[in-house]
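Visitor: Could you take me through the interior of this model, looking closely at one part, the space enclosed within it and the residues around that space? I would like one connected account rather than a list.

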Amino acid sequence: MKWPRASGILLHPTSLPGPYGIGDLGPGAVNFLDFLAVGHQKRWQVLPLNPTGYGNSPYAGLSAFAGNPLLISPGRLLDDSLLMPGDVQHVPDFPRERVDYGRAIPWKMALLRTAYARFRRDQPPALAADFSRFRARQAHWLADYALFAALKDAHAGRPWTEWPSPLAMREPAALDEARARLAEDIAFHELTQFLFFRQWVALRADARARGIRIIGDVAIFVAHDSADVWAHRELFQLNKGGLPTVVAGVPPDYFSATGQRWGNPLYRWDVLKQQGYGWWIERLRATLELVDIIRLDHFRGFHAYWEIPAECETAVEGRWAPGPGAALFAAIRADLGDLPLIAEDLGQITLGVHRLRQKLELPGMRVLQFGFGGNAKNQHLPHNFTRDTAVYTGTHDNDTTRGWFTSVGEREREHVLRYLHSDEEGVVEAMVRAAFASVAALAVVPLADVLDLGSVARMNFPSRAAGNWEWRVTQEQLTPSLSKRLAQLSSLYGR
């Protein structure tokens with residue numbers, strides 16, 4: 001497909017400003033859209049929107065289809081009369097510049113229980129009719145997810161493999177008994193999904209009205225402790241007890257002598273192929289109900305992925321195994337048409353991965369922070385870009401550009417300053433300008449780089465188990481002068 005020249009900002013909704021402990025889909029999100037529109041930004045990129053589990057990572061969601069209930073806006077629930085002003089009269093003193101998940105989650109979930117109780121009591125006719133239609137339309141995933149979430153609540157959040165065997169193995173009689181016993185909790189989780197989708201659809205309409213298209217993220221793998229694996233064990237390489245026999249990761253490299261052991265279960269691509277890749281088709285169909293463009297995370301895994309025996313503690317003993325290749329995308333296109341996909345082709349990219357991306361005619365990714373310290377042939381330097389490229393100053397897994405520049409060695413720092421014709425004070429602005437000025441069809445900048453913030457605004461430390469996904473922007477930081485500067489860059493470089 002043809003990609004128009006455009007630019008945008010990367011900001012996950014949890015990082016939006018607002019008074020309720022975590023960014024949500026209410027007024028703070030609309031204000032951010034206004035900030036983008038005034039800045040002539042035509043793209044808003046978000047991370048996966050799925051409900052998160054332990055560690056709060058959007059890349060370890062409890063479902064590949066469901067939405068994160070923590071993003072539901074209390075403000076919009078007030079508009080729907082599912083909350084009353086007294087329900088939010090005593091909001092805890094949450095920090096404004098980070099998410100305190102330990103406090104925000106129980107408070108927000110209790111608020112959603114209040115909204116559910118009012119819905120059940122009042123049964124507002126229009127909302128109730130919309131909810132009924134939503135349940136019917138999304139039944140192919142919603143029923144399993146709501147039951148999974150209710151069972152997880154009933155078992156104190158433990159992984160499904162630690163539930164009683166009849167439930168873990170989905171014995172019909174045990175599931176029927178659980179549906180009857182947990183009917184109220186199941187209905188609660190169904191309603192929270194309805195409310196999330198209702199609010200997101202409204203926000204997406206607000207974005208479209210401002211000429212903004214949303215870029216969403218699809219992680220290639222799913223979490224083992226998810227409704228997807230629990231409900232579709234036949235699609236994953238598991239033993240009789242439901243535990244993975246092999247797991248995902250990446251091999252040892254310059255950055256890690258033992259590689260990375262992510263721990264996600266790996267697909268049985270042979271079974272998926274026999275089924276016409278139906279689960280993947282439905283996954284992308286569902287994602288396109290929420291976003292306009294999809295970034296495929298870890299695209300190289302569709303060509304070949306690193307398979308690690310589950311008993312191994314590191315990635316050292318893994319091996320490359322063939323992915324589905326072009327056959328998966330042929331099936332997807334046959335059903336869904338020519339989709340707006342971006343291939344995240346970072347890491348150890350072979351000629352085979354490169355050829356697969358070219359065959360599919362997908363734009364690849366370049367990250368400016370990866371361009372320096374070597375020679376002029378580095379593919380992440382703007383003079384080596386081709387038009388079929390999405391360029392980023394950094395990603396959610398990187399330090400902010402200011403934090404990165406502060407930590408690199410002297411040789412790399414000098415290379416950055418020479419290449420960008422910049423001094424140290426202006427280096428972040430120069431990096432942003434280089435992205436906008438490049439030939440790449442799409443330029444995306446994390447909001448923390450637009451604000452020139454240090455490592456305090458970093459979203460994720462891949463090697464750290466806790467303390468991630470916490471940074472938030474405040475409304476005061478989204479200034480008119482910042483929008484004006486973005487607008488000037490977009491105008492100057494035809495974005």
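Guide: The lining of the largest cavity in this predicted model is made up, by class, of 19 nonpolar, 6 polar and 3 charged residues. That cavity holds about 260 Å³ of space, and of the 28 residues that line it, Pro48, Leu49, Asn50, Ala64 and Asp217 are the closest to its centre. Among the secondary-structure elements, strand S3 (213-218) and helix H11 (278-287) each contribute at least two residues to the lining of the largest cavity. In total, 3 cavities of 30 Å³ or more are counted.

The second largest cavity encloses about 190 Å³, and its class make-up is 9 nonpolar, 9 polar and 3 charged residues. Its lining comprises 21 residues, with His396, Pro446, Ala448, Ala457 and Met459 lying nearest the centre. Helix H17 (residues 447-450) gives the most to this lining, namely 3 residues.

Turning from cavities to pockets, the second largest pocket has a volume of about 440 Å³. It is lined by 20 residues, of which Thr52, Leu62, Ile105, Met109 and Asp153 are the closest to its centre, and the elements that give two or more residues to this lining are helix H3 (101-122), H5 and H8. H5 gives the most, with 4 residues, while the lining as a whole divides into 10 nonpolar, 7 polar and 3 charged residues.

Helices H5 and H8 come up again in the packing of helix H7. Within H7 (residues 172-181), Ala174, Leu175 and Ala178 are buried; because these three cover an arc of only 95° around the axis, they are placed on the same side of H7. As a general matter, an α-helix has 3.6 residues a turn, so residues three or four places apart point the same way. The other side of H7 carries Pro172, Ala173 and Ala180, which are exposed. The buried residues of H7 pack against helix H5 (139-154), helix H6 (165-168), helix H8 (183-209) and helix H9 (227-231).

The packed interior can also be followed through its nonpolar cores. The largest nonpolar core has 146 residues, and those with the most contacts inside it are Phe32, Trp44, Trp280, Phe299, Phe302, Leu447 and Trp471. H8 gives the most to this core, with 11 residues. For Phe299, if its neighbours within four places in sequence are left aside, the contacts are with Phe329, Ala343, Glu344, Asp345, Val353, Leu356, Arg357, Leu360 and Leu362. A second, separate core of 19 residues includes Leu368, Phe372, Ala434 and Ala443.

A last residue to look at is Val367, which is found in strand S10 (residues 364-367). Val367 has a relative accessible area of 0% and is therefore buried. Not counting residues up to four places away in sequence, Val367 touches Leu346, His380, Tyr392, Thr393, Gly394, Thr395 and Asn398. Ala257 lies 110 residues from Val367 along the chain, and the C-alpha atoms of the two are separated by 23 Å.

How values were computed: Residues numbered from 1 in each chain as written. Predicted model: local features only at pLDDT ≥ 70, side-chain atom pairs only at ≥ 80, totals over all residues. Heavy atoms only, no water. Buried < 20%, exposed > 50% of the residue type's maximum accessible area, 1.4 Å probe, protein only. Arc of directions from axis to C-beta. Contact = heavy atoms within 4.5 Å. 1 Å grid on protein atoms, 1.4 Å probe; cavity = no way out; pocket = protein on both sides within 12 Å on 5 of 7 lines; lining within 4 Å. Points joined across faces, edges and corners; volume = space filled by probe spheres on them. Nonpolar A, V, L, I, M, F, W, Y, C, P; charged D, E, K, R; others polar. Core = buried A, V, L, I, M, F, W, Y, C linked by side-chain atoms within 4.5 Å.
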